[in-house]
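Open the model in your viewer and keep the selection box at hand. Each stop below says what to pick and what to look for.

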Amino acid sequence: MDVSHLLDELNEPQREAVAGSDGHVLVLAGAGSGKTRVLVHRLAWLIQVEHVSPLSVLAVTFTNKAAGEMRERTGKLLQVSTRPLWIGTFHGIAHRLLRMHWKEAALPETFQILDSEDQQRLLRRIIREEGMDEAHWPARQAQWFINARKDEGERPQNIEHFDHPVTSTWVHVYQRYQDYCNRGGLVDFAELLLRAHELWLEQPTVLDHYRKRLQHLLIDEFQDTNAIQYAWLRMLAGDSGRVFVVGDDDQSIYGWRGAKVENVQHFLNDFPDVRTVRLEQNYRSTGNILDAANALIAHNEGRMGKKLWTADPAGKPIQLYAAFNEQDEARFVVEQIDQWLDEGRRADDCAILYRTTAQSRLFEEYLLRASIPYRVYGGQRFFERTEVKDALAYLRLLHNPNDDAAMERVINKPVRAIGEKTISLIRIQARESNLTLWQAAGECVSQGIFATRAGSAVSGFIKLIEGMRERMQDWTLGNQMQGVIDESNLVAHYEKEPRERMETRIENLRELATAADAFILPHEDADAGLTELQSFLSHAALEAGETQGESWDDCVQLMTLHSAKGLEFPMVFLAGMEDGLFPHQRSLEDSGGRLEEERRLCYVGMTRAREQLFISYAEIRRMFGSQNHCRPSRFIGEMPSELLQEIRPRMATSRPYVAAQPVSSAGFSGQDWPFQLGQVVLHPKFGEGTVLAFEGSGEHTRVHINFHDAGAKWLVMAYAKLQAR
DNA sequence: TCCATTGACGTTTTT
DNA sequence: CGTCAATGGA
């Protein structure tokens, strides 16, 4: 068979990765070096050249998007159905295993996935029930503790706390939480992975089966794996599985959520004769951008070592803009985009990247004002919306009435006279008799614990759910969804909200019904023995839907640096490059390698750019209500200055206060101010400084001056003895 | 039960 | 400065 198409379009190291080994392979794939291509070609190589059965291949990614892309590209390359291939996210694959082996994993067949919101609500409830002070023991922190423990593969009983009061309290909460989950058949995201690992540990027959079957393991973004994912993988590989991992230690930016770059090193130690291949030729960015990125990342220690290069020209220098303040920064960025558009280029070629989500607001404002369409990544997703989750909770309850999270959510939604008091009676009953809320509610009714009115309300709710279940048993999924929406009368609950809000909620419910109606049971879920309903509910949890509409509308892309990973744009703005913001203050405070992760984040951001990279920082930024005088990010100083071209603001037009508010209202008109914005003045005590802004009028006029030594200060004009310089 | 006011707090996010 | 959640009065 002619296999030249698998290698022809690859460069030398890529070929080596794809075809060069019959053992384990570690591919250190730099940004833009054709990582996905290598993965896909390797997969095709295994099947077409080594004649490996598609059934023996497992390819794992982190996001659904990456999994989908891999499946699609593999299908195109192979020209055969990719159906038998196991390609999925860690969570998706773990979920599938648990569905197929729910008995061995000690789960009820109807188990449900708990998303992080459900998890937090449940924890809040437990913390309250335990009589703990929520201010001292926030649910968020419990969630963090439990997930971190699970990510490390730890159960309450194997956490050592040596009478450490804080830890032992959280361990207790972990235990209680796990009891609830087990009773109700609820599995959170971290639990999916942990259970899947325990399945290997406790069921040697199951493990053995998969070891024999899945001989070829391919893992994407290996630097992002956490401890439990690595352990799971290592067990599955055993002594005979061949493992092909692709990753980049320089792009490890998720250490804060448990990812372990060390796994790359562990892989080299734990698996024999690993062949390491470096992909360093970059097909994305200009030479200047790569040189600057290389120079920056060279400041990190303990790297595996990698230097990106390109056969393409050096391109334009990186543009550096020292904005006056954050408004000026936004103004500048939007102005540049406007020019780009004037040159006939596309808006979706431009991306504005920032460190914190809050930074998007100003850019949105200025883009709106300039009538440039934009799209912000990372908002709330479809299946995370309140109304969607409410309706799904009813559906879940039909499917599994012991789902406490669902029960809690809808028992009084819309209001049906089951108030806090009644619910707490049910909770007490549940707790005392180790029952789920549903069971406890039934108990309370039959024991006549409630007052008459509450009792009839609760039994009414039980009848509602049971009635729906009986009636809808044989309905299609779409009809069930619509039926649940109608009969639950959820709409009544939203009617009390503002009109516009209510309308979008109803619209979303309509969309949900349509989605259920259009849902087709995927092959892999059918193979795993899932019903249509189970599959639909799992999809809602595991792939909460696109962050927003598709990118078909030609929009400027706004996102955090984290969500930019894996993407590329002709024109990129790295905004807010100030010490304290990026690198973030919190990473400067503790020394646990956090700064290096920030640097990697900066490296990721820079290497998103294909043609043009802009870096901007504000000299003054309003944070938490107070003005901050900022230093440019230390990362800027770590880039070779000859690659940076500073853009000098044009003094006359770039002052935002002049532009934004022509101050005709005040006693001082623009011309009457004794000084100009941007002018350097001398203060008897603070020395030289630059005039930033004026405020107020007449004798109350205050002036904001950025003193070169003393920092920025507001002074009352009448008292400040200022001299022009 | 609802809305409004007050108060604390303030990275990064996928599954 | 803004947001979100918790609290308390009507």
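The tour goes from the whole chain to helix pairs, then to single residues and the DNA.

**Before you start**

This is a predicted model, in which local features need pLDDT of at least 70, side-chain atom pairs count only at pLDDT 80 or more, and totals for chains, interfaces and linings use all residues. Residues are numbered from 1 along each chain as its sequence is written, chains are lettered from A and ligands numbered from 1 in the order in which they are written, and side-chain values use heavy atoms, leaving out hydrogens and water.

**Stop 1: chain A, whole**

Select chain A and show it as a cartoon. Chain A carries 31 helices and 21 strands. Helices (H or I, at least four residues) and strands (E, at least two) are DSSP runs, numbered from the N terminus. The C-alpha atoms fill a box of roughly 85 × 75 × 55 Å along the principal axes. The radius of gyration is 29 Å, which agrees with the value near 27 Å for a compact globule of 725 residues. That radius is taken over C-alpha atoms, and the globule rule is 2.2 Å times the number of residues to the power 0.38.

**Stop 2: H3 and H4**

Two packed helices are described by the angle between their axes and the distance between the axes. Here axes are lines fitted to C-alpha atoms, for helices over the stretch in contact, and angles run from 0 to 180 degrees between N-to-C directions.

Select residues 35-48 (H3) and 64-78 (H4). Their axes come within 9 Å and cross at roughly 50°. H3 and H4 are therefore oblique to each other. Angles under 35 degrees count as roughly parallel, over 145 as roughly antiparallel, 65 to 115 as roughly perpendicular and the rest as oblique. H3 passes H4 in a right-handed crossing. A crossing is right-handed if the near helix is turned clockwise from the far one by less than a right angle, and left-handed if anticlockwise.

Now show side chains. Residues of H3 including Leu39, Leu43 and Ile47 meet residues of H4, among them Met70, Leu77 and Leu78. Contact means heavy atoms within 4.5 Å. The H3–H4 contact divides into 8 nonpolar, 4 polar and 3 charged residues. Ala, Val, Leu, Ile, Met, Phe, Trp, Tyr, Cys and Pro count as nonpolar, Asp, Glu, Lys and Arg as charged, and the others, Gly among them, as polar.

**Stop 3: H5 and H11**

Move to residues 90-100 (H5) and 227-237 (H11). The packing angle is about 55°, with the axes 12 Å apart. That makes H5 oblique to H11. This crossing is left-handed. Phe90, His91, Ile93 and Leu97 of H5 meet Gln229, Trp232 and Leu233 of H11. The contact holds 5 nonpolar and 2 polar residues, and no charged ones.

**Stop 4: H14 and H15**

Select 326-342 (H14) and 360-369 (H15). These helices pack at about 50°, axes 9 Å apart. H14 and H15 are therefore oblique to each other. Their crossing is right-handed. H14 contributes residues including Ala330, Val333, Val334 and Ile337, and H15 brings Leu362, Phe363, Tyr366 and Leu367. The contact divides into 8 nonpolar, 1 polar and 3 charged residues.

**Stop 5: Gly23**

Where does Gly23 sit? Gly23 is in the loop between helix H2 (12-19) and strand S1 (25-29). Add Val274: 251 residues away in sequence, its C-alpha is 6.8 Å from that of Gly23. Not counting residues up to four places away in sequence, Gly23 touches Arg42, Arg242 and Val243.

**Stop 6: backbone exceptions**

Most residues other than glycine have a negative phi, and most peptide bonds are trans. Select Lys413 and Pro414: a cis peptide bond joins them, with omega about 5°. Pro414 lies in the loop between helix H17 (404-410) and helix H18 (420-433).

Go on to Asn434, not a glycine, yet with a positive phi of about 55°. Asn434 is in the loop between H18 and helix H19 (437-447).

Then pick Phe582 and Pro583, also joined by a cis peptide bond, omega about 5°. Pro583 falls in the loop between strand S13 (569-574) and helix H27 (585-589).

**Last stop: DNA strand C**

Select strand C with Arg622, Phe624 and Gly625, which surround it. A residue is near a strand if one of its heavy atoms lies within 4 Å of it. Of the strand C atoms within 4 Å of the protein, 30% belong to sugar or phosphate and the rest to bases.
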